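Me: I am new to this structure. Please take a close look at a single helix and what lies around it.

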Amino acid sequence: MPEAEVRGAALSRDEVAERLTLVVSRLSRRIRPVGDELSHGLLSALSSVRAAGPIRPSDLARLEHVAAPTMTRIVADLEHRGLVERDADPLDGRSFLLRVSEPGLTALAAAGSARRERVRTMLAEQPDEQLALILAALPALEAAAVSAVSA
């Protein structure tokens, strides 16, 4: 397995994976929802409905990589909050299609804004040199995230 050269130290892919996992977990905890903000799962599903909708719950479950019963609970919560609406599926009378409601669009914007603000706060704590390193790492991290989604 090739090694990566990081600050003059050779790291195996396993070591990179271990460190990245720890960092992503810590960052995730720092930007997680607070108070009555949408959980990661709800926000992810709602974002997927916006991007792919109108969409069947079964297709949303596949897109989100969750089991059907989990998606049933997520959809019920989103509906209860008024963030999604259902329409009859014209191709399958037994199913329905989900679409984001106006309050759902507002909630997505608010959640994104709140999380971006927490990231801005974290970045403000970093010296310019560290910020430049973070910026340089973004293309590789974005590529890894895209390849993980398409895998």
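Reply:

**A close look at α2**

α2 has 13 residues and reaches 18 Å from its first C-alpha to its last, close to the 18 Å expected at 1.5 Å a residue. That expected span is 1.5 Å times one less than the number of residues in the helix. Helices (H or I, at least four residues) and strands (E, at least two) are DSSP runs, numbered from the N terminus.

This is a predicted model: local features need pLDDT of at least 70, side-chain atom pairs count only at pLDDT 80 or more, and totals for chains, interfaces and linings use all residues. Residues are numbered from 1 along each chain as its sequence is written, and side-chain values use heavy atoms, with hydrogens and water left out.

Now the buried side of α2. Leu42, Leu43, Ala45, Leu46, Ser48 and Val49 are buried there. Buried means under 20% relative accessible area; exposed means over 50%, and partly exposed lies in between (1.4 Å probe, protein chains only). The cover over these α2 residues includes α3, α4, β3, β4 and α5.

α2 also feeds the largest nonpolar core. Such a core is a set of buried Ala, Val, Leu, Ile, Met, Phe, Trp, Tyr and Cys residues joined through side-chain atoms within 4.5 Å. This one has 21 residues. Leu38, Leu46, Leu60, Leu78 and Leu98 touch the most other members. Two or more residues each come from α2 (40–52), α3 (57–64), α4 (68–80), β4 (96–100) and α5 (102–124). α2 gives the most, with 5 residues. In soluble globular proteins, nonpolar side chains tend to be buried together.

Follow one core member outward. Leucine 98 is in contact (heavy atoms within 4.5 Å) with Val49 of α2. Its other contacts include Pro57, Leu60, Val75 and Val84, leaving aside neighbours within four places in sequence.

Next, a helix that helps to cover α2. α5 has 23 residues. From its first C-alpha to its last, α5 reaches 33 Å, close to the 33 Å expected. Its buried residues are Gly104, Ala107, Leu108, Ala111, Gly112, Arg115, Arg118 and Met122. They pack against α1, α2 and β4.

Last, a loop beside β4. Serine 95 lies between β3 and β4. At 19% relative accessibility, serine 95 counts as buried. Serine 95 touches Arg56, Pro57, Ala88 and Asp89, not counting residues up to four places away in sequence. Pro57 is also among the contacts of leucine 98.
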